[in-house]
Amino acid sequence: MYPGRRLLGEMRLGVAIIAILAVVGLAEANQVVVVDLPTQGYLGEVTQELIRELESRGVELLSAEEMAAAETPPNAIVVDDDRATEAGQAEELDKFVRGGGGLVLLVGRSRRHLEQANEFLKPRGIEIIADPEAHGPVQWVNSALTLGLEPPPSGSLRLRISAGKLVPLARQNKRIVSAGMSLGEGGIIVIPTEIVAEGLQQRPPDNNGLRYLIQAVSWAERLEELAPISPTPSPLPAPSLPTPAETQLPLERRDFAGAILYDSMAREDKWPEINAVIQDALRHTAVRITQLPLKALRVQDAESPLVEALQSNPELVILGSWREYSEEEIGALHHYVAAGGRLLALAHSHSGRQIRLIYLNQVLVQFGVLVGLGRPGGIAEPVTTSEKPPYMGEIPAGVKVLGKGVQPLIIVDDYIAAGWIDYENGRLAVMDPKPLLTNGEYRERLRFSVIPIVMGSEYQ
C-alpha cells in the first residue's frame, strides 16, 4: 500500500459510494455505482470531481456499511489498480463482473502501476503493455460511449492494451490506450488515469476525461450493446492487402480448432515456392502434427480476419511476411500466444518490399523479437547437443532473427537464421525461409527441429 492512499493522514480509506446515477442519454435511472478511489494523492482530485459530478446529477451517497446492507446490488464499480490487487479483491471483482456488473479500472502510468494492473487483468485475458510509441493526441473511437466528447489533453501514456477481443475506446498514435472487454455477463473498461487527471490539472480545467470516466461507468456492464456509430471515421487506414496467390489449401475464416492456420499467400518474392515447401514439411514431418488439418486463412473481404479466426484456438499459426496486420489482429496474436498458442513466423522479403518485414515486426516486437535484413551468406550450422552436428552447407544472405532470450536453431557465423522463444504460456519460432529453396539440410531442420520445437513436447 503506498502512503498516498490514506485519509486524514492516519489510515487508507477509499471512498465507497452507492449512488443513484442519472446520466441523461447515457444510462437508465437508478443505476447503482460503487466508487472506491483514494481521496488524496494524484487520484485525489479525480475522486473529488467524480463525486461532485455524481452529486450534481442527484446522486445519493451512502457509507460502506450502508452499501453492504443495501438491497440493490451495484451496476458498476470504479477502482484503481492499487485497490484491485488488495488481498481478496481480485476474486470479488471477478465474481461481480462475471455476474453481470461493470468494472471501470483506473491505471497509473508507472511500471509499478502497470504490473499491478496486469496482476488483475492478465488472468482475465487482458494485458497492458509498455509502449514508448504511445504518445501524441488521444483520439476517441467513435461510439455511443464517447459521443459528444472532445479529445482530452494528455501526454505520452506509453502503454497499449491487448486482448483477444477488445472494444477499443481511445487511441494514441495508433495504439489502443483505453478499451473494454466483455467478461461473463458483465464487462471491464480500462482507463489510464492520465486521461482523466491531466485535464483536471489545467486552469481552467478540461473535463473531457472526467466525462469519459462517467460515461464509461454507464456502459461497463453492457459492453455487448456498444457498437460503433455508423458511419465511423476510422483514425487508422485499413491495412493494405496484396492480391493473394492461389492456394490448394481449403480456405477458412472462423473454424481452426484442432487445425493449423496458414496466413502466408504472397505472389511475389518466391513465396509460392516457399509456401509449397513449408506445407509439404507440415504434412510429412515425422511428428504427430501430421494428424492436424492445414487450412489457409481467408483474408479477403475481412478487415481483421485473424481476430475471429484465433477465437477457435488453432494448434499452430503460420505467418508469412506478406501483408499488414491491423492493430486488433496484433493484439489478438499477442493474447493467443500468451494464453498458450504456438506461432511460426516466416520472415522473407526482397529489397523492394522490405516494408513487409516491418509489418511482421509489429507482431513480433510484442514478444521481444525482431527480424531484419543483413544476415550474410555462409555455412549454416544447426544448434544441437551433438558433438558433431550434421553439415548443412552454404545458404544465401537473408534475414536475421534478433531478440534477448531467442534460442538459436540455425546460425550463420553469429547470426540467427532460425530460432525460438517461450512467451508466457506459449511459444514462438521465427525463421528465414529463403534457404529452403536451395538447401536440403535446411529443409530437414525445418521438419525435424523447427516444427517440433514450436509445437512443443507433445508433438515431438
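This passage walks through a sheet, the helices packed on it, a buried aspartate and a few unusual backbone spots in a predicted model.

The sheet is a good place to start. It is open and built from 10 strands, and reading across it gives the order β11-β13-β12-β14-β15-β22-β21-β20-β17-β18, with mixed pairing. The edges are taken by β11 (251-252) and β18 (394-395); each has a single partner strand, so one side of each is left without a neighbour in the sheet. As a general point, strands of a sheet pair through backbone hydrogen bonds, and they can do this either parallel or antiparallel.

Both senses turn up here. At the β11 end, β11 runs parallel to β13 (residues 294-297), and the two are joined over two bridges. Within that pair, Glu252 sits opposite Leu297 of β13. Strand β13 also pairs with β12, again in the parallel sense, this time over three bridges, and there Leu261 faces Lys295 of β13. The antiparallel sense shows up between β21 (residues 415-423) and β22 (residues 426-431), which pair over six bridges. In that pairing, Tyr423 is found opposite Gly426 in β22.

Two helices can be placed against this sheet. Helix α10 (residues 327-338) lies across β14 (316-320), β15 (342-346), β21 and β22, and runs at about 140° to β14. Helix α11 (residues 355-364) packs on the sheet too, where it touches β14, β15 and β22, and its direction makes about 160° with that of β15.

Back in the sheet, one acidic residue deserves a look. Asp263 belongs to strand β12 (residues 260-263). Is Asp263 buried or exposed? Its relative accessible area is 0%, so Asp263 counts as buried, given that the cut-off for buried is under 20%. What does the side chain of Asp263 make a polar contact with? The partner is the side chain of Trp322, at 3.1 Å. Leaving aside residues up to four places away in sequence, Asp263 touches Leu297, Val299, Leu306, Ile318, Leu319, Gly320, Trp322, Arg323 and Tyr325. Among these, Leu297 is the residue that stands opposite Glu252 in the pairing of β11 with β13.

Elsewhere in the chain, helix α6 (residues 193-200) packs against helix α7 (residues 208-219), with the axes 7 Å apart and an angle of about 140° between them. The two helices are therefore oblique to each other, as an angle has to be over 145 degrees to count as roughly antiparallel. On the α6 side the contact is made by Ile195, Val196 and Leu200, and on the α7 side by Gly209, Leu210, Tyr212 and Leu213. Sorted by type, the residues of this contact come out as six nonpolar, one polar and no charged. The loop between α6 and α7 holds Pro204, and the peptide bond leading from Arg203 into Pro204 is cis, with omega near 0°.

Two further loop residues have a positive phi without being glycine. Arg158 has phi near 60° and lies in the loop between β6 (138-140) and β7 (159-163). With a relative accessibility of 40%, Arg158 counts as partly exposed. Asp413 has phi near 55° and is located in the loop between β20 (407-412) and β21. At 53% relative accessibility, Asp413 counts as exposed, since the cut-off for exposed is over 50%.

How values were computed:
Residues are numbered from 1 along each chain as its sequence is written. This is a predicted model: local features need pLDDT of at least 70, side-chain atom pairs count only at pLDDT 80 or more; totals for chains, interfaces and linings use all residues. Side-chain values use heavy atoms; hydrogens and water are left out. Two strands pair if DSSP finds at least two bridges between them. Helices (H or I, at least four residues) and strands (E, at least two) are DSSP runs, numbered from the N terminus. Contact means heavy atoms within 4.5 Å. Axes are lines fitted to C-alpha atoms, for helices over the stretch in contact, and angles run from 0 to 180 degrees between N-to-C directions. Buried means under 20% relative accessible area, exposed over 50%, partly exposed in between (1.4 Å probe, protein chains only). A polar contact is a pair of N or O atoms within 3.5 Å; within protein, one must be able to donate a hydrogen and the other to accept it, and residues adjacent in sequence count only if both atoms are side-chain atoms. Angles under 35 degrees count as roughly parallel, over 145 as roughly antiparallel, 65 to 115 as roughly perpendicular and the rest as oblique. Ala, Val, Leu, Ile, Met, Phe, Trp, Tyr, Cys and Pro count as nonpolar, Asp, Glu, Lys and Arg as charged, and the others, Gly among them, as polar.
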